[in-house]
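Let us take a friendly walk through this structure, one topic at a time. Keep the viewer open as you read.

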Amino acid sequence: MYSYNLNSYQYNNYNTVKSVKAHNVSDNEQPKEKTPSFTSNPIMTQVPFNPAFAASRLRTELSSRDEKNKYNELTKLLDRDSKKQLNILLKTGALLNSASNDNSTTLDNLYKIATTPRAQGLNNIVILKDTIAAIADPHTITQQFGNIPAKYKSQVATLENGQDVNVEHSGTCVSASIEFNLADKHPAEFARFAEGLSSPSMSVQKTIKLNNLADNTLDAIWLLNAFEIPYQAKDFDKAVLTFAPDKNAIVRAHIQTVDKDKLERTPLDVLMQSTFMQVGSQQSYDSLTDKRAGKFNQNDKGLIEFEKTFTESVVEDKNKISVTYQTVDENARLVGYETDFNTMKKQITDTLNLGENVIIGYTQVDANNTIINGHEITITGTRIGNDGKMIFICNDTDDNMSKPVEYSEDYLLPKIHHAALPQSVVANDVNFVENWSEGLKTYKELKKKAQNSSQNYMNLAA
């Protein structure tokens, strides 16, 4: 099942604005913007999405000789801080977690990173330490681009023909949030991605279920073709997708390997975020300029909501639904909401209670309720404030802080434009059949404009 909000202008407009940095908000702080009126039900944008990864049995002790040998070899290569983080991964169960696409453990993939070749320009120990650190504390993941030192300027100039590569405000908040979520909730899969993307092939393969993309195989195959992600169909129910960063990501990753400043992205951040930008932008992203092309978005920065939802879905092999809460007119003005704040809060907390994070897009408006900023952050939990109201615990990859940030419900809920939620949480709040039919019609109109739809449904039989 797949549905799409036909009001695409609000998504394009939402993504033309610059990223805004989140900040701590006290329990009593109220939003300065006017609160527009409510309308009816939230608008659903669905890229189908299965239940969460089946969690592997929690293990916190090395049991086999192979595991002990791998662990000991890693400790010989690591400094004191990284050894401590590795031990934390063991004690919390993250190190021996095997809930990855090929059932390999986090330990298996860390060992491969340490002992097998990395792509030219990358360093085994740097990638190893970055992977361990990201899993031990995903809040260290950032979208902050690093500067390009003078000694690399000539090399970069030949690649980009004079285009501006001095990225001050990156458009990777969506991909950085997806990276955070993968490290936070799926450590073994995160480590598997880290190993593959930093290997000489600079790619990782993932088998997904086609019914997580559409009710029938034809529509699932069409979606894969529309997003131009390399894949191989297997029978009529699965496909093997190939994830890879853009060709210029290795330049950024190498620079961050040898010349990383504090609070800048690690080489691993570069590779992960480039890869997820490639997925969402129909393989059109450029890591040097932080710009993209693609058929679904007229803006050259970031990912629109539809692209974000597709990327989340294939990365996790789940059925995600993006729920649009704000109503935005053709002048980029916030004019209302599609549901009340209590429903919004319930849908988010119900998702958290299922053990999932919620990646949301939020907006800032001026005195006339015109949207001036938009940004993606991840809600990871809640607590109750002194006034009895809910406080949302969030991660922001663009706030220069390696720790959670908190927002009161009065502050955050009016700002939420959309949220990615499991189908089970919102299934009773919208007529999916009607939305799916409308959305698929829209996508098939876009299909006519697609530049690369070479593989058709009949290839499945080959």
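## Cavities

The second largest cavity has a volume of about 30 Å³. This is a predicted model, and a search of the whole structure finds two cavities of 30 Å³ or more.

Which residues line the second largest cavity? The lining is made up of F145, G146, R252, Q256, R265 and V270. By class, those lining residues divide into two nonpolar, two polar and two charged. Arginine counts as charged and glycine as polar, so R252 and R265 are the charged members of the lining, while G146 falls in the polar class.

## Aromatic pairs

Now for the rings: the structure holds eight aromatic pairs. One of them joins F193 and F276 in a tilted arrangement, with 6.1 Å centre to centre and 50 degrees between the planes. This pair links distant parts of the chain, as F193 belongs to helix α8 (residues 187-198) and F276 to helix α11 (residues 267-280), 83 residues apart. Are these two residues buried or exposed? Both F193 and F276 are buried.

Another pair is formed by F296 and F306, and it is edge-to-face: the centres are 4.8 Å apart and the planes make an angle of 70 degrees. It also links distant parts of the chain, with F296 in the loop between α11 and α12 (305-316) and F306 in helix α12, 10 residues apart. F296 has 9% relative accessibility, so it counts as buried. F306 counts as buried too, because its relative accessibility is 0%.

## A ring cluster and two lysines

The F296 and F306 rings also belong to a wider group: ring pairs link F227, F296, F306 and F310 into a cluster. F296 has a charged neighbour as well, since K295 lies over the face of its ring, at 5.4 Å from the ring centre.

Where does K415 lie with respect to Y411? K415 lies over the face of Y411, and the distance from the ring centre is 4.5 Å.

## Cysteines

How many disulfides does a search of the whole structure find? The search finds zero. Two cysteines can be placed by their accessibility. C173 has a relative accessible area of 8%, so it is buried. C394 counts as buried because its relative accessibility is 0%.

## Positive phi angles

Two residues deserve a look at their backbone. D235 is not a glycine, yet it has a positive phi of about 55 degrees. You will find D235 in the loop between β4 (231-234) and β5 (238-243). With a relative accessible area of 59%, D235 is exposed, because the cut-off for that class is over 50%.

N369 is likewise not a glycine, and its phi is positive at about 65 degrees. N369 sits in the loop between β9 (358-365) and β10 (371-384). Is N369 buried or exposed? Its relative accessibility is 4%, so N369 counts as buried, given that buried means under 20% relative accessible area. Thus D235 is exposed, whereas N369 is buried.

Note on methods. Residues are numbered from 1 along each chain as its sequence is written. This is a predicted model: local features need pLDDT of at least 70, side-chain atom pairs count only at pLDDT 80 or more; totals for chains, interfaces and linings use all residues. Side-chain values use heavy atoms; hydrogens and water are left out. On a 1 Å grid over the protein atoms alone, a cavity is a set of points where a 1.4 Å probe fits but cannot get out, and a pocket is an open set with protein on both sides within 12 Å along at least five of seven lines; lining residues have an atom within 4 Å of a point. Grid points are joined across faces, edges and corners, and a volume is the space filled by probe spheres set on the points. Rings of Phe, Tyr and Trp (its six-membered ring) pair if their centres lie within 6.5 Å; planes under 30 degrees apart count as stacked, over 60 as edge-to-face and the rest as tilted. Helices (H or I, at least four residues) and strands (E, at least two) are DSSP runs, numbered from the N terminus. Buried means under 20% relative accessible area, exposed over 50%, partly exposed in between (1.4 Å probe, protein chains only). A charge sits over a ring if NZ of Lys or CZ of Arg is within 6 Å of the ring centre and within 35 degrees of the ring normal. A disulfide is a pair of cysteine sulfur atoms within 2.5 Å.
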